[in-house]
Structure formats: C-alpha cells, structure tokens
Amino acid sequence: MSSISHQNSPLRGPEDSLPSGSYLPKSFAWDRTALERTCHDDQVDSKGLLACGELGDLLAVTNQTCKAIESAILPTDEPCFLTHMEAMIGFSENDCASFLGQSAHNGGSDAGVKFLALTSALVTAFDSSECAEVLLATMQKLMPQRAPHPTVAQLSQVMAKVEGRCNLSGFADLVVQYEIEMCDILRQKGHRADALGRIAHTPPKEAVVKLVEHFSQLKLRACGSGSCTLKLVAYACAPWLAAFVHWCLSEPLVVPEHPDQEAASGWAGFRISIVVKRPTNDAGRVIEVMPNMSDLDVSNWLFNDDCNKYYCGLITVQNYFQLVLTAFKLDKGPANKAALEAIPYALYQARYGLTMCFEECVDKTRCGAACETTRKITEWKSITKNRISSDKFEHFPSRAGILNVLHLIKGLENAHMKSSNKVGTIFSLSQVKSFLVNKKFESEREEWLGGLPRQAAVDTEPGSIFEIFEEQISQIIATILAVSLFKDADMVMLSPDTHIWKSPELMPSSVISAIRNTFHQREGCCDATEWHRVCRKLAGHGQELQGQKSPILDVISCSRGQVVFSDMLARGVIPGPDESFLALHWFRGDLKVKDKMYKRIVGNDTRQEYVVGRQQYRYIEKFSHNAYPWDTVDYALVDAAVPDIGLLSLAMRDEFLKQQDLHADPCGVIKNLASAECLKQCEHKPDAPPDTRQFIGFKIHLCHPDETSPWWNEWAKRASDDELSRLRIEKSSPEYTLYVIPVGGSDLLRFYSLAKPIGAHVAVRQNACVSCCIRFCKETGLNILVL
C-alpha cells in the first residue's frame, strides 16, 4: 500500500466529472491591458501566451491541483534589492505566470492555472525548448481547428518565463516520493533497483503528449456504463508517470507489494494502473500503454528509449536527504542504523577538524592533506608562547544552524553532534562495526553492495567495504554542511541530484578528501571556493562557463526560480566573530540589473580570457559605486556571447605600478579569508605605538588598498615558469618582505583590499596592536598584513 500522504479527494463534484461536450476551448475575455503589459515586460509573443491559456481549458487537471498551483507558485513576494550592485531579485506581478493565473477570475475558469499545472510537470523532464515541442504537439492534437498554431520559438519564450515559478510547484517532490517507494518495493522482492541506475528517467516527449491527449479525451467524453482502464508498463520512468497521474487526478496511486502487480488509481469510473516491470528482451522499451476503453478504439502504444536519464526540478531538504539515503541504500535495516549512528560523530569531526585554503594552494592529489603554510602556522602556535590571540575566520554557521539541517534527516530529528574522542573512529561505533563486519548481516551487506551502481567495480574485501561506507558518509556530511551555509536552510529547495559530489567539474573533490581525513583524526584541508560551487549546484544552478582553465566564481546566480548570493559579497563587509564568511542567501525570483534579466553575475579574474564559443565578453556599460573611496573603482556589467549571463568585475587601477588593466575579483575575498589569520587581540592596547626596533632586518612596504603587487608576488612563488612568462611577471625574491595595507579600521576598505583576483595567505588585524601584528607575520612567514 502506498505510504504517500494526500488529502482525500473523491473528485465527484460537478466540476471534476467527465462530461460530454464539444472538443473546443472556451473563449475568455482576457484583460487586453494586462496582456500587452505582460508581453512587453516579459518580451513574449501574445499569440503564444493566448494559445497556452486556450490549451489549459482542455486539460484534465482537478481543482485540487489547481489550488495547489495557486498557493505554491502564484504568490509574489516583495523583491529584494542589492543596492550597491543595482540588482533586484524577485518575481514580477506582471509576468506570464501571473497573467495566466488571473484566468481563474475570467468567468471562473482555471484554464491558465491548468496550463501552469502541466508545465510544472514538464519542467522536471525537459528543457524549455523540449517543453515547447511537447506543448505544440499537444495543441495540434487537442486544437486541430485552431490555425495557425504558435511556433516552437513563441512557446519557448513563454516556457522560459514561467519555468522559474513552475519549479516551485512541488511536482518533483511527488516524483521523489514515488521513486523512494518503488525502490523499496523492488528491493524487498530481490530486484536490484540500481541495476540500471536510479529509476529516475523521464518519459519520452511523445508519450507525455499521448497521455495528456488521452486524459483530455476522457474529460470531454462520456464513458458510459462500461469501465475505462489504462495500463502503463514502465520501469525507469515509472515514478515520473505515477506522479503525473497523481498530479492530474489528485489521487495517489496505490503502489503494490509486488513489482509486477498494478499500481492503480481511480477517477470517476476511469482506472489507471502502472506496472513497474524490469525490461527483459527489449531493453529499449521504456513505456508500454495498453488502453482498454469501452467507447474509444485506441490501439496499444509503445514508446522507446528517447528520454533523459534523470528528472530535475526542486525538492524539499527533507526529501533530498531521504532520496540520498535511498540511493546509497542506507535507508533500511542495519545499514540505516549504522548510518544514523555514524552521522552525528562524523559531522562533529568534520565541523571542527576541517581547515580551508584557496584553490591554487590545495593540491587535490594529496588526499585532503593540510596546506603547508597553514600547517607551519599551526605548529608555530603549538610551540610558541603567543603574545597575540589569533584564529581563523569562521567557515561554517553556528552549531545551532548545522543542527537545524541535521534534524531534517529522518531518524535524526533530535540528534546532536558528538565527539568521537572516546570512541575512536566512526568504525569503532557498535552499529557501524556490526553492520560492516558481523556475519549475521552478510545478506544485508550483499543487498547494500548490490544496490551500488553497476558501473562501479565493487571489491567485497572488508577494507574496501569500509572505504565504500566512509565515502558515502563523507558525502552526506559534506551535504549537511553545504546546506547549512544557506540562511533559513530548512526552506531552501534542492535539485534531486544524489551524487552531486561526483559531478565532473568537482572531481576530484577536495572537500570529500578532507572530510575523510578527519574521520581518521588527521588534518584535512579543502578548497573554500568548492563549497559555493556545490551549494549553487544543490540549488539547481547550472555548470561553470565552458572554456575556462579554472572555475569562475559567482557573485549572484539565478536558476529554477531561486537566486543565490553570498551574504558577505552582497554587503561588501567582512563578517564579524561567529559569522560564516561562506554564508549564502537565497531568494525566490529572477535576477534583474537595470531591468535587464541575468542568469549569473560572476567575478572577473584577469589571468583568464573569458571565452564562450569564439567570442569574448565585451563591456557594455559602467556605473560608479560611491560607497568605496577614490574614483579608481568602477563596477562594470559586461554582456556575454551566451544570452542572459552577466559578468560583474570590480575594475581597479594600481596607482603605484601604473598598470591600467588590473582587476579585482569580489570573490577573491573568499579565497583570502579561507586561510587568513584574524589577529584578535594582544597584551597591549590596540592603539599602542609600534616598536620600530623589531622591524630591523627585513623590508616593510606600505601599500595602497588598490595595489595588487603583494598578491602577484605571493602567487609568483607558486606559479610555473610558463605562467610567469605568459603574464610577464618575474619570480619574486626569496628575501622576506612584509606588505602592510593600512585601512584605518574601515570595513569597506578591508573588504576592498582583499578583493583581489587571486588568493594568498594573509593576516587581518582586529584589535591587536601594530607591533604584535608585524611580529606575528614575521615569525609565521606571512607576507601580507591588512591593518
């Protein structure tokens, strides 16, 4: 029996019956002024938008689903303004989705809302152009008398504008629930649910068109006294099909206890059943639809494998972690007990054992080993009687913020992080050790290993089993910490990608290597910038721009109806004590700068040439940012060869070196704070005059906050000869030199000084005196001090 919760809805009201009637859409008195305003603001063709409303009137979507759509995607919150970037985040009250949602007020029809219900399902299976193809094919089937039909291009415009809101509908959550339940049934009966990967495929486009047409015919025709049935035989796309039927009919399918039995749902005398069946001889067959209608003569339909491997969309954090546990086969029995026991200990070890550095200083081949400079400073602190209190800037949010995410995992609702100092490694824990070693759980271990992806070679030796379990737990811990970086993390919506840490652009992951090191109570150092890249992928945002030698960091990114931006970069202020410099905000809506839509605003590293295809980014406009001193600072928005992608660069001139083409990357602050030492206080007063006698024997350069030479000199120590030759930079002298950047206590200047296109090991003064700060840098070997 299905465990998917749903409010009972017998669907026997007059509006939900299956009446006979003409096969024509109704005519609506659309608000012409609203239509013109929407088409102008969203830059869509009115023909395509009106056709979408007409199509909605013919769709078989119940009132309950329409009400869910109205509450989930149509409300428009107050926009969020990032003043110093002149950016606005939020949905417009006059966008296409809002216009279609107003159809409910046109003679009581829900035509536009029904159309949004259909597109809310489509966006989880297809991209905007594919959705447009499905819509056009559906219009040609259901509205043959309408001529001319809108073009794919016109429908693509509409889809691109409604996609953001539609991703917030909750349809993907419904697919996840059916996938989890069907996987459970398959595993209970000895079927390897992962033999073909996750059962997360999407159906072919023509299959969706046929189903939409069939449901609409049933709505418009009388079924008579005979029974009407529709059987769908599917495997990898069965969860999506079950969710689609549930979505249209507002009744959950009853998932059977045997995989070859029918999952059935009834609707006003009409019966739909889905058989979850593994393909045998015909491996390409993904859907077989067998109608048995009393009044409709429809032959069997057979659709082949022309689909996407994974559905997409956005789901709740709770459903995401349950899906991860299911994909890892850690959701049942002793495997689940072992995972739930290990997670609180492993989370504690990672939270307090991880260190961070910037991307170029983290050698991913060292398996998470600590950065050499960070290790030297740690050793110096351990053997030296410090006269200065120093610490790293906070990487993660408070303990309470992390626990809020931990409590969203089923079975850990009241758990706390636990120190493993007394128990040793996580493999010493009773449930973990019992599951991985005890002979009585041999069959459970085989089932767990059998559920791993077939392409992964699995060694059943005990050492390899421990490594597999450790890898899975490390990915779960990394995801908990990543989600905790979001403000109001329990409300953010995530992409249903269970193996996000295995994404090609993240491999090999320094975060996973470092976390695995902490499990064995060793030092683990990771790339701080990797956390933001993963967080944005979790939020459903796209991959890095192509053609780059190193990843580009986003200042703001927008996709699937969610905008993500760094708290620190948005405020332009370095966070204070106990505040994470990696903290992220998220907001529902679109991203606009001066009324122009953008998908991304990214930092500019001038060591790279930003190329998309054969064209480079080009500057189109500049505007001043008066919050920073001097007139040497401009923000520049540049247009790219790829539509709707923006680039934000903080242009700077070096007054000392007279180089006019230097730039600062706002994201460079993250790189510099990753390993920076915060010099909190010393035994002297903060304003104590410096003791110049201690400055003998080495060079001290006072630098303007604009100056980038300290960072270039630091980078030159790590750069190859080829890189130095390309940028015409000489190898820095081995003689120790300290670059001191006075900022007069200004938070803005401190941020501005660290906004360089490359990372470095720096010290940032808080309340310690100048003399102690300089002594600290000299003795630890740090070359840059921000006073």
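1. A search of the whole structure, which is a predicted model, finds 11 salt bridges. Three of these pairs are taken up in the points that follow, together with two sheets, one helix pair and one residue of a helix.

2. Which residue does Lys392 pair with in a salt bridge? The partner is Glu677, and the closest N and O atoms of the two lie 2.9 Å apart. This pair ties together distant parts of the chain, since Lys392 belongs to strand E9 and Glu677 to strand E23 (residues 677-682), with the two positions 285 residues apart in sequence. The two ends are set differently with respect to the surface. Lys392 has a relative accessible area of 22%, so this residue is partly exposed. Glu677 has a relative accessible area of 1%, so this residue is buried.

3. Lys502 and Glu471 form another salt bridge, with 3.0 Å between the closest N and O atoms. Here too distant parts of the chain are linked: Lys502 sits in the loop between helix H17 (462-484) and helix H18 (510-519), Glu471 sits in helix H17, and the two are 31 residues apart. Lys502 counts as partly exposed because its relative accessibility is 39%. Glu471 counts as buried because its relative accessibility is 16%, and the cut-off for buried is under 20%. The pair is also part of something wider: salt bridges with shared partners join Glu470, Glu471, Lys502 and Arg516 into one network.

4. A further salt bridge is found between Arg533 and Asp527, where the closest N and O atoms are 3.6 Å apart. Are these two residues buried or exposed? Both Arg533 and Asp527 are buried.

5. Strands E9 and E23, met in point 2, are also members of a sheet. Six strands make up this open sheet, in the order E9-E23-E26-E27-E25-E24, and the pairing is mixed. Strand E9 (388-392) and strand E24 (699-702) are the edge strands, each pairing on one side only. From one strand to the next, the twist averages 25°.

6. Within that sheet, strand E26 (residues 762-765) and strand E27 (residues 784-786) run parallel and are joined by three bridges. One residue pair can be named: Val762 has Ile784 in E27 as its bridge partner. Which helix packs on the sheet? Helix H24 (residues 747-754) does, touching strand E25 (737-741), E26 and E27. The direction of H24 makes about 175° with that of E26, and angles over 145 degrees count as roughly antiparallel.

7. A four-stranded sheet is also present. This open sheet has the order E1-E2-E14-E15, with antiparallel pairing. Its edge strands, each pairing on one side only, are strand E1 (80-82) and strand E15 (596-598). The twist from one strand to the next averages 30°. E1 and strand E2 (residues 87-90) run antiparallel and are joined by three bridges. In E2, Met88 is the bridge partner of Phe81.

8. How do helices H8 and H10 cross? The axes of helix H8 (residues 171-188) and helix H10 (residues 238-249) come within 8 Å of each other and cross at roughly 130°. H8 is therefore oblique to H10. The crossing in which H8 passes H10 is right-handed. On the H8 side, the residues that meet H10 are Phe171, Leu174, Val175, Tyr178, Glu179 and Met182. Their counterparts in H10 include Trp240, Phe244, His246 and Trp247.

9. Val317 lies in helix H11 (residues 317-327). The relative accessible area of Val317 is 0%, so this residue is buried. Which residues is Val317 in contact with, leaving aside its neighbours within four places in sequence? They are Leu408, Val483, Ala489, Asp490, Val492 and Leu494. In addition, the C-alpha atoms of Val317 and Met491 are separated by 7.5 Å, although the two residues are 174 apart along the chain.

10. Some totals place these details in the whole. The protein has 25 helices and 27 strands. Of its 787 residues, 59% count as buried. Among contacts between residues at least 6 apart in sequence, 76% join residues at least 24 apart.

Note on methods:
Residues are numbered from 1 along each chain as its sequence is written. This is a predicted model: local features need pLDDT of at least 70, side-chain atom pairs count only at pLDDT 80 or more; totals for chains, interfaces and linings use all residues. Side-chain values use heavy atoms; hydrogens and water are left out. Two strands pair if DSSP finds at least two bridges between them. Axes are lines fitted to C-alpha atoms, for helices over the stretch in contact, and angles run from 0 to 180 degrees between N-to-C directions. Contact means heavy atoms within 4.5 Å. A salt bridge is a side-chain nitrogen of Lys or Arg within 4 Å of a carboxyl oxygen of Asp or Glu. Buried means under 20% relative accessible area, exposed over 50%, partly exposed in between (1.4 Å probe, protein chains only). Angles under 35 degrees count as roughly parallel, over 145 as roughly antiparallel, 65 to 115 as roughly perpendicular and the rest as oblique. A crossing is left-handed if the near helix is turned anticlockwise from the far one by less than a right angle, and right-handed if clockwise.
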